[in-house]
Amino acid sequence: MCYLGQVQPILRDSTECFDCMPKPTPKTFPVCTIRSTPSTPIHCIVWAKSYLLSQLFGEQEDDEGELDQAAAQGENATEIAKLREEARAFKRVRESLLSASPEQAAALVFNKVFNEDIKRLLSMADMWKARKPPTPLDRDSILADQFTPPAVPAPSSSETSGPSTANVTANGTGSSTVPNGGVASSSAQAKLKDQRQLSLKDNVQLFDESLSRLAARLRSGKETSISFDKDDSDTLDFVTATANLRATAYAIENKTRWEVKEMAGNIIPAIATTNAIISGLIVLQALHILRAKATGKPIPVASPSQPSGIRIAGLQAGKASVPLATYYVSPPNPACGICRDQYVSVQCDPARVTLGDLINAVLRAERGVGDDEDMEDGEGEDDESERREVAVYEGQRLLSDPDMDDNLGSTLESLSCTRGKFLTIVDEDEVFENVVLALSPLPEGTSAESPAFILPATFPSPKQHARPKPPAPDTTEEVDDEPEIVVAESSRKRAASEDDIRPAKRARTQEHLEEDEDGHIVISDDDDDVMEVL
């Protein structure tokens with residue numbers, strides 16, 4: 001099942017795989033927009049999820065690198081300096097979470113994030129000449145229903161989603177829900193908890209509760225860091241409360257807990273009936289493939305030249321009378337790093353075989369050279385003239401390359417490369433495609449004196465990367481518009497042949513350009529000897 005509601009069969013070497021299709025680049029936001037000048041709800045959610053939560057409960061990381069990169073990209077230098085001070089202050093706040101009482105810690109973090117930091121930003125007047133400044137939040141006034149939140153501009157019709165909204169009174173009450181706070185109406189109270197619009201006071205209380213729960217998890221010692229998970233109610237509550245509080249300070253529309261979960265967790269909405277239709281299509285496609293396999297023949301794939309065969313089936317938008325349609329399947333992408341790799345099963349004993357022995361055997365097998373064949377040249381040394389240089393990875397972990405051979409003498413077991421692991425051999429010159437070794441155990445009953453690994457009887461030769469076709473040669477006639485080159489001999493000029501010109505150009509070291517009375521460009525050397533006239 002894919003994003004457009006289509007069911008696409010994936011057959012090795014016949015159809016494209018999921019990774020053959022380029023994926024959209026995840027949208028990123030400038031660091032100063034996220035930390036200082038948010039303008040949309042997603043800015044506040046990203047700030048709460050990726051910045052505030054990690055600063056307070058994530059792994060201790062140095063923010064200097066990110067800020068250095070932002071400074072190199074030309075962002076406001078004064079603002080970058082302020083952000084450095086903010087990062088140092090967060091370290092002190094984080095320490096208080098493990099020592100102070102829950103109420104004290106919540107009040108300290110709230111005042112630091114939603115009051116002091118906003119006042120610090122307001123001190124940089126240049127930032128607010130062209131945008132509306134934020135409003136510092138007062139925790140005690142909000143809890144006492146005495147805080148008046150800033151008015152939120154009404155969203156456009158295209159941006160409006162969820163329950164209707166209205167303005168809120170100074171004490172936080174109103175007849176209906178509001179984007180930036182206010183007590184929900186009776187109709188909203190009846191809705192599901194996740195879809196209820198929270199008031200400003202509700203967000204503060206949710207902030208206190210979630211912060212206390214997360215701090216208790218760190219103090220227990222069972223977790224050293226906490227990251228966001230849409231299915232973790234503690235982190236979701238924290239992100240919901242802090243994102244809405246920040247949105248209130250910047251007069252941005254608030255979001256419900258359900259909307260925050262959808263946006264922070266990158267959830268793609270689906271309808272039950274649509275899922276049921278696609279599930280049925282998946283079963284039908286599976287039946288087509290099973291029937292084709294039962295014949296013992298290659299599974300046919302439909303194409304413009306062969307209309308009959310496996311196709312993509314899916315929903316068709318815009319035609320209610322014909323909701324389903326079929327499409328041709330695209331061939332594999334030659335540059336795909338997943339399905340274009342060669343997979344080879346290798347039986348081995350990880351406790352006995354070393355990484356170097358296995359890779360050497362694989363490279364010999366690629367060239368059709370067996371272990372019992374003579375690998376030495378006339379001088380008694382290994383002939384590596386035909387051996388390619390490779391790097392070896394286990395997942396994303398580099399095990400060896402031409403400049404790092406420390407692990408070649410280590411056993412696979414010592415490198416945590418055991419049954420079920422994959423070793424990827426990457427050609428350093430990028431001429432051949434990757435070869436992936438799938439490690440499996442030796443056959444049962446194999447003695448300890450038997451070879452430590454068994455390669456396939458016929459080892460596949462590595463495939464060469466698909467190279468783009470060179471451009472067709474230009475057959476149009478070229479007109480030589482270059483001026484005639486002559487070499488001055490005494491006071492007489494003559495046409496220069498190609499043999500005359502080349503030695504002069506090779507010998508040219510320190511030359512000077514001058515223009516004579518006739519408009520010719522004269523090239524002379526340090527001895528003022530005329531070398532060429534153009």
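Helix α9 is mostly covered in this predicted model, with 16 of its 17 residues buried. The helix comprises residues 233–249 and reaches 24 Å from its first C-alpha to its last, a span close to the 24 Å expected at 1.5 Å a residue. The N-terminal end of α9 is capped by D232, a side-chain oxygen of which lies 3.0 Å from the backbone nitrogen of D234. Just after α9, A251 adopts a positive phi of about 55 degrees.

The loop that runs between α9 and α10 (257–264) contains N254. This asparagine counts as buried because its relative accessibility is 1%, under the 20% limit for that class. The side chain of N254 reaches the backbone oxygen of N244 at 3.3 Å; N244 itself falls within the residue range of α9, 233–249.

Positive phi values also occur in other loops. D13, although not a glycine, has a positive phi of about 65 degrees. The residue is placed in the loop between β1 (6–7) and α1 (31–35). With a relative accessibility of 45%, D13 counts as partly exposed, because this class covers values between 20% and 50%. E430, likewise a residue other than glycine, has a positive phi near 55 degrees. The position of E430 is in the loop between β7 (422–427) and β8 (435–441). At 55% relative accessibility, E430 counts as exposed, because the value is over 50%.

The confidence of the prediction varies along the chain. The average pLDDT is 76, and 73% of the residues score at least 70. Among the elements of the chain, α9 shows the highest confidence, at 94, whereas helix α13 (residues 498–507) shows the lowest, at a mean of 40. Over residues 481–511 the pLDDT is below 50; this stretch nevertheless has 40 contacts in the model beyond near neighbours in sequence. A further segment, residues 374–382, stays under a pLDDT of 50, and the model has nine contacts for these residues beyond four places in sequence.

Taken together, α9 combines the highest confidence in the chain with burial of 16 of its 17 residues, an N-terminal cap provided by D232 and a contact from the side chain of N254 to the backbone oxygen of N244.

Notes:
Residues numbered from 1 in each chain as written. Predicted model: local features only at pLDDT ≥ 70, side-chain atom pairs only at ≥ 80, totals over all residues. Heavy atoms only, no water. Helix = DSSP H or I, 4+ residues; strand = E, 2+ residues; numbered from the N terminus. Expected span 1.5 Å × (residues − 1). Buried < 20%, exposed > 50% of the residue type's maximum accessible area, 1.4 Å probe, protein only. Polar contact = N/O pair within 3.5 Å; in protein donor to acceptor, adjacent residues only side chain to side chain. pLDDT = per-residue confidence, 0-100. Contact = heavy atoms within 4.5 Å.
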